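Hi everyone, thanks for making time. I'd like to walk you through one protein today, starting with a single strand and then stepping back. Have a look at this first.

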Amino acid sequence: MTSITPVTTIPVMKPWLGEEEASAAAAAVQSGWVAQGPRVAQFETEFAASVGASHAVAVSSCTSALHLGLVVAGIGPGDEVVVPSLSFIATTNAVRYVGATPVFADIDTATANLTSDTIGRVLTDRTRAVIVVHQGGMPADIRSIRELLAGRDILLFEDAACAAGSAAWDQPVGQGSDLAAWSFHPRKLLTTGEGGMLTTEREDWAVALRRLREHGMDMSAAARHAAGSRVVLESYLEVGYNYRMTDIQAAVGLVQLGKLPAMVDRRRAVVAAYRERLAGVEGLVPVTEPDWARSNYQSFWVLLDDAWPHSRNETLQLLADRGVQARRGIMAAHLEPAYREFADLELPATVALSARSLILPVFHSITDDEIDRVVTALIEART
Ligand SMILES: *Cc1c(COP(=O)(O)O)cnc(C)c1O
């Protein structure tokens with residue numbers, strides 16, 4: 001009898017979920033209150049504290065957070081919103097949802113982020129907002145971007161989908177932000193299955209966001225419930241949305257939030273190991289972490305430069321053949337059919353990075369042996 005050694009595939013990402021999340025979700029179910037309720041409120045309070053934000057408003061996803069953020073800021077038809085093309089497509093789609101015009105800016109190849117320079121090149125009299133993505137969890141240089149926008153009537157909206165737990169200048173990403181959007185999709189660190197959050201310093205926006213996520217109602221379902229036997233009638237002040245998070249999700253989120261610092265530490269250790277072991281491999285250029293930044297490494301990507309002998313897609317296949325599930329690097333929205341009218345834009349760094357980068361497996365439970373296998377697979381692919 002021949003025996004075949006099963007080679008398990010190393011996934012690019014695996015959420016760190018366990019018994020604690022399962023029993024927190026079960027407790028929410030058993031409480032009878034499964035829609036937005038007390039656990040969502042508590043998750044908002046604790047998330048705001050972890051970011052150092054004055055207000056946090058939970059929603060159904062980061063995509064809905066980006067949409068509601070643009071709605072609350074009054075951005076609409078005729079307005080231009082600067083976005084990176086190099087991002088998950090939801091960043092750009094949100095601009096379209098409100099009827100505004102996306103204006104694509106290029107990125108810095110070292111970090112995959114917008115910079116004050118690339119943004120400065122595309123500002124016009126019609127620019128009303130800039131959505132800055134902390135790509136893959138790597139903090140963007142918000143300080144210099146704030147300086148660029150100072151004194152202009154332009155909203156700086158942070159797409160922090162990937163960045164829960166990242167820090168810049170020793171402060172959490174998102175601290176002091178007028179508006180930041182967060183994702184709790186399983187491809188990020190902290191997950192609630194699906195889910196998102198908006199954080200803001202502006203109380204008027206927090207109030208409006210709470211209303212907009214719940215059909216524009218002047219009173220939340222939780223508040224009506226709290227009124228007990230007193231009859232209260234809600235009214236609908238504007239056209240809103242159903243973008244609520246459930247209490248089951250928030251219960252999971254509360255447990256995950258407690259684990260976030262450990263998740264970040266582990267991911268940083270994994271990336272440090274990759275950096276050390278890949279330093280001598282010609283043709284691989286890993287993402288740069290500026291000295292003021294502390295990434296959560298939601299994604300650890302490497303650029304394949306001219307010294308690398310294969311195309312990116314061939315490289316992905318060579319890794320897959322060795323049981324390593326890497327992923328193509330971050331996409332470029334302007335090259336997708338949905339945005340075909342922008343296909344000829346000159347965005348050289350965006351095009352280079354989206355064509356020649358790949359994301360390596362990083363997750364909480366990855367073992368030293370698995371890190372070894374990824375490194376070996378890359379070295380074998382090189383030869
Ligand atoms: C994942 C992601 C989103 C979308 O998040 P969802 O919660 O899945 O809607 C938006 N922007 C960026 C940069 C992302 O990485």
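Before I point at anything, one bit of vocabulary: two strands pair if DSSP finds at least two bridges between them. And keep in mind that what you see is a predicted model.

Okay, find strand E14, residues 357–360. Which way do its side chains go? Ser 357 and Ile 359 point one way, while Leu 358 and Leu 360 point the other way. Buried or exposed? All of them are buried.

So who are the partners of E14? One is strand E13, residues 327–328, which pairs with E14 in the antiparallel sense over two bridges. There, Arg 328 stands opposite Leu 358. Another is strand E12, residues 300–304, also antiparallel to E14, over four bridges. On that side, Leu 358 is the bridge partner of Val 302. So keep an eye on Leu 358: Arg 328 stands opposite it, and Val 302 has it as bridge partner.

Now let's zoom out. The protein has twelve helices and 14 strands. Its radius of gyration is 22 Å, and the globule rule gives 21 Å for 383 residues, which is close, so the protein is as compact as a globular protein of that length. The C-alpha atoms fill a box of roughly 75 × 60 × 40 Å along the principal axes.

How much of it is buried? 53% of the 383 residues count as buried. As for contacts between residues at least 6 apart in sequence, 72% join residues at least 24 apart.

Last one, charges: there are 33 positive and 45 negative, and their mean positions are 3 Å apart.

Definitions and conventions: Residues numbered from 1 in each chain as written. Predicted model: local features only at pLDDT ≥ 70, side-chain atom pairs only at ≥ 80, totals over all residues. Heavy atoms only, no water. Buried < 20%, exposed > 50% of the residue type's maximum accessible area, 1.4 Å probe, protein only. Rg over C-alpha atoms; globule rule 2.2 N^0.38 Å. Contact = heavy atoms within 4.5 Å. Lys, Arg positive; Asp, Glu negative; His and termini not counted. Charge placed at Lys NZ, Arg CZ, Asp CG, Glu CD.
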